[in-house]
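Load the model and set up a view in which you can select residues by number. The stops below are meant to be followed in order.

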Amino acid sequence: MPMKNRGGGEFASRNAFSRSWVLLLCLGSFCAGMFFTNRMWMVPEGKGTSKTFRVADAQRTIKSEECNPERNAYNAGISQNSRTQLSIQELNHTIADLERKLAAALEDNESASNGSLTLDNSKTNDSTSKRQKYFMVIGINTAFNSRKRRDSIRSTWMPQGGNRKKLEEEMGIIIRFVIGHSSTSGGILDKTVAAEELTNKDFLRLNHVEGYLELSGKTKTYFATAVAMWDAEFYIKVDDDVHVNLATLGSILAAHRMKPRVYIGCMKSGPVLAQKVKYHEPEHWIFGGERNKYFRHATGQLYAISRELAKYILKNQDVLHKYANEDVSLGSWLIGLDVEHVDDKKLCCGTPPDCEVKGQSGHPCAASFDWKCSGICESVERITEVHRRCGEDENAVWSRRF
């Protein structure tokens with residue numbers, strides 16, 4: 001009995017020991033299997049694989065481009081157009097920056113000449129003193145199809161040839177026809193004006209695209225260009241269907257030459273037209289409700305501003321808002337400034353008999369036109385008659401000392 005018991009115990013002990021090892025071996029095999037399984041299923045992102053994928057993508061792209069030539073041309077066109085637009089924007093910014101620098105330089109030169117700088121400005125004073133001073137610059141607003149109007153003005157109130165040069169040198173009066181360029185710069189319209197300029201030499205060409213709806217921009221560019229080119233006391237804008245008496249106009253302006261900021265014209269305050277008619281104002285809501293009126297401003301046939309105001313337009317032209325009507329736009333640029341508005345009815349007389357009667361009574365008109373036509377009606381045919389009946393003596397301007 002004792003022998004049986006001992007043998008049974010030894011067997012049970014060996015059996016238990018074997019089960020423990022089996023469990024450990026099973027667990028170790030499971031873990032090893034999991035480890036090698038994960039290693040085997042991991043897909044390495046080797047250089048060869050990524051390179052293969054890139055080559056395949058490139059091949060698909062090439063095939064796609066070969067199958068879509070129109071798409072390629074379209075994309076190329078968009079790219080070229082984008083580069084052109086960027087170039088235009090950069091050019092506009094450059095021009096605006098140069099104009100601002102020019103305005104600052106003009107102001108510095110003027111300050112130096114007045115002795116307001118304490119530094120040694122001998123060179124600046126010399127260069128400033130060499131810049132000729134003028135009394136007034138008259139810009140006659142004209143268009144490409146207005147050759148006959150220009151010729152009618154040349155044959156009436158605008159001196160020609162040597163007399164015009166003498167007017168500039170002795171009287172300090174500059175007169176130029178003001179025009180920009182066509183939408184197709186260098187086209188037949190621009191070449192026609194260039195040929196006319198060679199003959200008459202009386203144009204001021206602006207960096208501006210001509211168009212009736214662009215008159216506000218043209219007016220702004222004119223004043224900015226004129227004040228940069230000529231150092232004058234006054235700058236005038238007049239339409240090419242208006243008759244002007246230079247001596248009378250000069251006398252009116254001379255009476256206000258001691259005022260630094262003055263705005264002279266026939267002041268009016270017309271209704272804001274919300275309906276789509278002539279002189280329609282698209283931004284009518286800014287001026288209030290129905291039956292509202294514009295702020296007081298000079299009528300567009302002729303107006304004048306002093307040097308300080310022209311310089312203000314030059315410096316701030318990038319931020320001055322343009323309304324549909326150019327005379328309203330000018331008034332809006334000046335309304336918030338410390339400016340004296342001068343209302344002078346001699347700048348808006350009617351055609352004969354109105355201007356004739358006033359002249360005979362000793363009150364000659366500086367400008368004459370027909371209100372119903374916003375200028376002289378049929379000016380090419382009638383301006384000679386207006387000049388004969390309302391024009392001042394041809395020696396009047398030479399006898400004045402402005």
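Which cysteine forms a disulfide with cysteine 349? Select cysteine 365: the two form a disulfide, with their sulfur atoms 2.0 Å apart. Keep in mind while looking that this is a predicted model.

**Stop 1: cysteine 349 and cysteine 365**

Show the backbone around this pair. Cysteine 349 lies in the loop between strand 8 (340–343) and helix 12 (354–360), while cysteine 365 is in the loop between helix 12 and strand 9 (367–368). The pair links distant parts of the chain, 16 residues apart. Query the torsion about the S-S bond: at -90 degrees, the link of cysteine 349 and cysteine 365 is left-handed. Now turn on the surface. Cysteine 349 has 1% relative accessibility and counts as buried. Cysteine 365, at 3%, also counts as buried.

**Stop 2: cysteine 355 and cysteine 390**

Next, select cysteine 355 and cysteine 390, which are joined by a disulfide with an S to S distance of 1.8 Å. This pair also links distant parts of the chain: cysteine 355 sits in helix 12 and cysteine 390 in helix 13 (residues 379–390), 35 residues apart. The S-S torsion here is 65 degrees, and the link of cysteine 355 and cysteine 390 is right-handed. Are these two cysteines buried or exposed? Cysteine 355 is buried, with a relative accessible area of 3%. Cysteine 390 counts as buried at 10% relative accessibility.

**Stop 3: cysteine 373 and cysteine 377**

Move to cysteine 373 and cysteine 377, where a disulfide spans 1.8 Å from S to S. The torsion about the S-S bond of this pair is about 95 degrees, so the disulfide is right-handed. On the surface view, cysteine 373 counts as partly exposed at 34% relative accessibility, whereas cysteine 377 is buried with a relative accessible area of 14%.

Before leaving the cysteines, list the bonded ones. How many disulfides does the count come to? The count comes to 4 disulfides. With the bonded cysteines numbered in sequence order, the pairing reads 1-2, 3-5, 4-8, 6-7.

**Stop 4: strand 4 and its neighbours**

Select residues 231–239, which make up strand 4. This strand is mostly covered, with 8 of its 9 residues buried. Add residues 133–141, which are strand 1; this strand pairs with strand 4 in the parallel sense over 8 bridges. Then add residues 297–306, strand 7: here 5 bridges join the strand to strand 4, and the two run antiparallel. For a landmark on that side, pick isoleucine 236, whose bridge partner in strand 7 is alanine 304.

**Stop 5: aspartate 231**

Finish on aspartate 231, which is found in strand 4. Which residue of strand 4 is the bridge partner of lysine 133? The partner is aspartate 231. Show side chains for both residues: the side chain of aspartate 231 makes a polar contact with the side chain of lysine 133 at 2.5 Å. Aspartate 231 is itself buried, with a relative accessible area of 9%. To see its surroundings, select Arg131, Gln132, Lys133, Tyr134 and Arg307; aspartate 231 touches these, not counting residues up to four places away in sequence.

Conventions. Residues numbered from 1 in each chain as written. Predicted model: local features only at pLDDT ≥ 70, side-chain atom pairs only at ≥ 80, totals over all residues. Heavy atoms only, no water. Helix = DSSP H or I, 4+ residues; strand = E, 2+ residues; numbered from the N terminus. Buried < 20%, exposed > 50% of the residue type's maximum accessible area, 1.4 Å probe, protein only. Polar contact = N/O pair within 3.5 Å; in protein donor to acceptor, adjacent residues only side chain to side chain. Contact = heavy atoms within 4.5 Å. Disulfide = S-S within 2.5 Å. Pairing = 2+ DSSP bridges.
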